[in-house]
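Subject: Structure for your files, with notes

Hello,

Here is the structure I said I would send. My notes on the empty spaces, one helix, the salt bridges and two buried residues follow below.

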Amino acid sequence: EKGGYDHFMLKEIFEQPQTIYDSFRGRLDVEHNTIALSGLDSIKDKLMAARRIIIVACGTSWHAGLLAEYIIEELCRVNVEVEYASEFRYRNPIITSEDVIIAISQSGETADTLVALENAKKQGATIFGLVNVVGSSIARISDAGAYTHAGPEIGVASTKAFTAQLAVLQLFALKLAKLKNTISEDRYVHLLHELNAVPEKVQWILENELENIKAIAIKYRDANDFLYLGRGYNFPIALEGALKLKEISYIHAEGYPAAEMKHGPIALVDSTLPVVFIATKDSYHEKIVSNMQEIKARKGRLIAVASAGDTITLELAEDTMIVPAADEIIAPLLSVIPMQLLAYYIGIERDLDVDKPRNLAKSVTVE
Ligand code: F6R
C-alpha cells in the first residue's frame with residue numbers, strides 16, 4: 001500500500017508530479033490557451049461583482065490561502081482577505097451577499113472551517129470550496145467549487161494536497177484575471193505554459209536533490225530551533241516549511257517574512273541556529289540576498305532554497321537546495337518540495353513516526 005516507499009509521507013511527496021498534473025488535467029489547455037473550471041463559471045457573475053474575496057482555512061490549507069491572496073491580488077486586482085477559520089468563526093466578521101468566500105480544505109471535514117462557512121452562508125455569502133475529499137461536508141455546503149485531484153492523503157502532514165491546492169488556486173487566479181481583463185495576453189499565455197511545466201520541474205527536484213537534502217538533514221538533525229524566512233510569494237512557503245518541520249521532527253521552528261527579522265527574531269541568531277531562506281529568483285531577490293548577508297554576519301547557519309544558476313545564493317549559503325527556475329508566481333510550487341523533504345528526512349534521522357506525529361489527527365473535526 002505504500003508502493004515500495006518506507007512511509008506514506010515519502011510516497012505522497014513523490015506522487016506530486018502526478019497529482020499536480022491530475023489537478024491540471026482537463027482544465028489547463030496550453031494548445032488553446034484556455035482554463036476550464038466549471039465551478040468558477042457557475043459563480044462568475046458573483047465573482048466579477050465581488051468587492052472582495054475572503055479565503056477561509058486552517059493550517060497548511062491556510063498557507064495555500066495566503067499565497068492565493070498574493071497571487072489573486074496581483075493578477076486579478078481584487079481585494080483578498082485570508083482568515084483562520086477558528087478566528088473568523090468567532091469574531092463576528094462583517095459579511096455581505098457581495099462577498100465570495102474560498103474555503104480550502106483537504107479533508108473537507110475541518111470543524112472550524114465548516115462552521116465558519118455555515119455562518120457566512122447565513123449572511124448571504126457565496127462559497128467556493130477547494131476540497132480534496134469528494135462529497136465531504138465542506139464540498140456539500142459550497143455553492144460551487146473545484147476538487148483538488150490529489151487522491152487520498154494518508155500521511156498526517158499535508159504534502160500533495162497542499163501542492164494540488166496551489167495548482168488549482170493558480171488556475172483560479174489566472175482564469176479570473178482573464179475574465180476581468182486584468183492580465184496581458186502575453187503574461188497569461190506565459191503563466192499557462194509555466195504552470196504546465198511544473199510537474200516535470202517537481203520531478204527534476206525529486207530526481208536530483210534527494211541525496212543533497214538527506215545530507216543536510218543529517219547535518220542539522222540535532223538543532224533545537226530553526227528559522228524559515230521568505231519574502232513575497234515565498235513567505236507562505238517559509239511558514240509551511242516551519243510547520244512541516246515542527247510536525248514531523250518536533251524541532252521548534254518559526255516562519256517569518258524575511259524583513260521582519262530585524263523586528264525581533266534576529267536576536268535568536270547565533271552560530272548554532274539554522275536559518276532557511278526561501279530565496280528563489282524573483283523581484284525580491286536583491287532584498288533577500290541582503291537579508292541573508294545580515295544572518296551570515298551574525299554567524300547564523302545559512303541554508304537556502306535557490307533557483308538553478310543563482311551563483312550569488314550558492315556562494316553565500318552554507319547549504320543550498322536547488323529548484324528549477326520558474327516565474328515568481330509559480331516558484332512556490334517548486335520551493336515547497338525541498339521543505340517537505342527536509343522535514344521528512346530530519347524526522348527519519350530523529351527516528352520519529354513521520355506518518356503519525358504525536359498529538360496530531362489527520363482531520364480536526366472538533367474545535
Ligand atoms: C499540516 C496539516 C494541517 C491541516 C489542517 C487543515 O500538515 O495537515 O495543518 O492542513 O488541519 O486541514 P484540512 O485541509 O483538511 O481542512
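**Cavity and pocket**

The count of cavities of 30 Å³ or more comes to one. Please keep in mind throughout that this is a predicted model. Rolling a probe the size of a water molecule over the atoms is what shows where empty space is left.

The largest cavity has a volume of about 30 Å³. Its lining consists of A64, L67, A68, I71, L166, L169 and Q170. Two helices, α5 (59–76) and α9 (160–180), each supply at least two residues of that lining. The most comes from α5, which gives four residues. By class, the lining of the largest cavity has six nonpolar residues, one polar and no charged.

The largest pocket holds about 540 Å³ of space. It is lined by 24 residues, and C58, G59, T60, K362 and V364 are the closest to its centre. Helix α5 appears here again: α5, β5 (99–105), α7 (111–122) and α13 (235–249) each supply at least two residues of the pocket lining. The lining of the largest pocket divides into nine nonpolar, ten polar and five charged residues.

**Helix α5**

Since α5 contributes to the lining of the cavity and to that of the pocket, I looked at this helix separately. How far apart are the end C-alpha atoms of α5? They are 25 Å apart, and this agrees with the 26 Å that its 18 residues should span at 1.5 Å a residue. Of those 18 residues, 14 are buried, so α5 is largely enclosed by the rest of the structure. Just after the helix comes R77, which takes a positive phi of about 50°.

**Salt bridges**

Side chains of opposite charge can pair when their charged atoms come close. The structure holds 21 salt bridges. I describe some of them here.

D112 and R89 meet through their side chains in a salt bridge, at 2.6 Å from N to O. D112 lies in helix α7 and R89 in helix α6 (residues 85–90), so the pair ties together parts that are 23 residues apart in sequence. D112 is buried at a relative accessible area of 13%, and R89 is buried at 16%.

A second salt bridge joins D327 and R187, whose closest N and O atoms are 2.8 Å apart. This pair links distant parts of the chain: D327 is in the loop between β12 (319–323) and α16 (332–349), while R187 is in helix α10 (residues 185–196), 140 residues apart. Is each partner buried or partly exposed? D327 counts as buried, with 12% relative accessibility. R187, with a relative accessible area of 25%, is partly exposed.

In a third case, E349 forms a salt bridge with R221, and the closest N and O atoms are 2.4 Å apart. Distant parts of the chain are linked here too, with E349 in helix α16 and R221 in the loop between α12 (210–220) and β8 (225–230), 128 residues apart. Both residues count as partly exposed: E349 has 31% relative accessibility, and R221 has 28%. Elsewhere, K219, R301, E318 and D319 are joined into one network by salt bridges that share partners.

**Two buried residues**

Q16 is found in helix α2 (residues 16–24). Is Q16 buried or exposed? It is buried, and its relative accessible area is 0%. Which residues does Q16 touch, not counting those up to four places away in sequence? They are Y21, T159, K160, T163, V202, I337 and Q340.

L229 lies in strand β8. L229 is buried, also with a relative accessible area of 0%. Leaving aside neighbours within four places in sequence, the residues in contact with L229 are A238, Y256, P257, A258, M261, V275, V276, F277, I278 and I288. From L229 to V80 the distance in space is 23 Å, C-alpha to C-alpha, and the two are 149 residues apart in sequence.

That is what I have on this structure.

Best wishes

Note on methods: Residues are numbered from 1 along each chain as its sequence is written. This is a predicted model: local features need pLDDT of at least 70, side-chain atom pairs count only at pLDDT 80 or more; totals for chains, interfaces and linings use all residues. Side-chain values use heavy atoms; hydrogens and water are left out. On a 1 Å grid over the protein atoms alone, a cavity is a set of points where a 1.4 Å probe fits but cannot get out, and a pocket is an open set with protein on both sides within 12 Å along at least five of seven lines; lining residues have an atom within 4 Å of a point. Grid points are joined across faces, edges and corners, and a volume is the space filled by probe spheres set on the points. Ala, Val, Leu, Ile, Met, Phe, Trp, Tyr, Cys and Pro count as nonpolar, Asp, Glu, Lys and Arg as charged, and the others, Gly among them, as polar. The expected span of a helix is 1.5 Å times one less than its number of residues. Buried means under 20% relative accessible area, exposed over 50%, partly exposed in between (1.4 Å probe, protein chains only). A salt bridge is a side-chain nitrogen of Lys or Arg within 4 Å of a carboxyl oxygen of Asp or Glu. Contact means heavy atoms within 4.5 Å.
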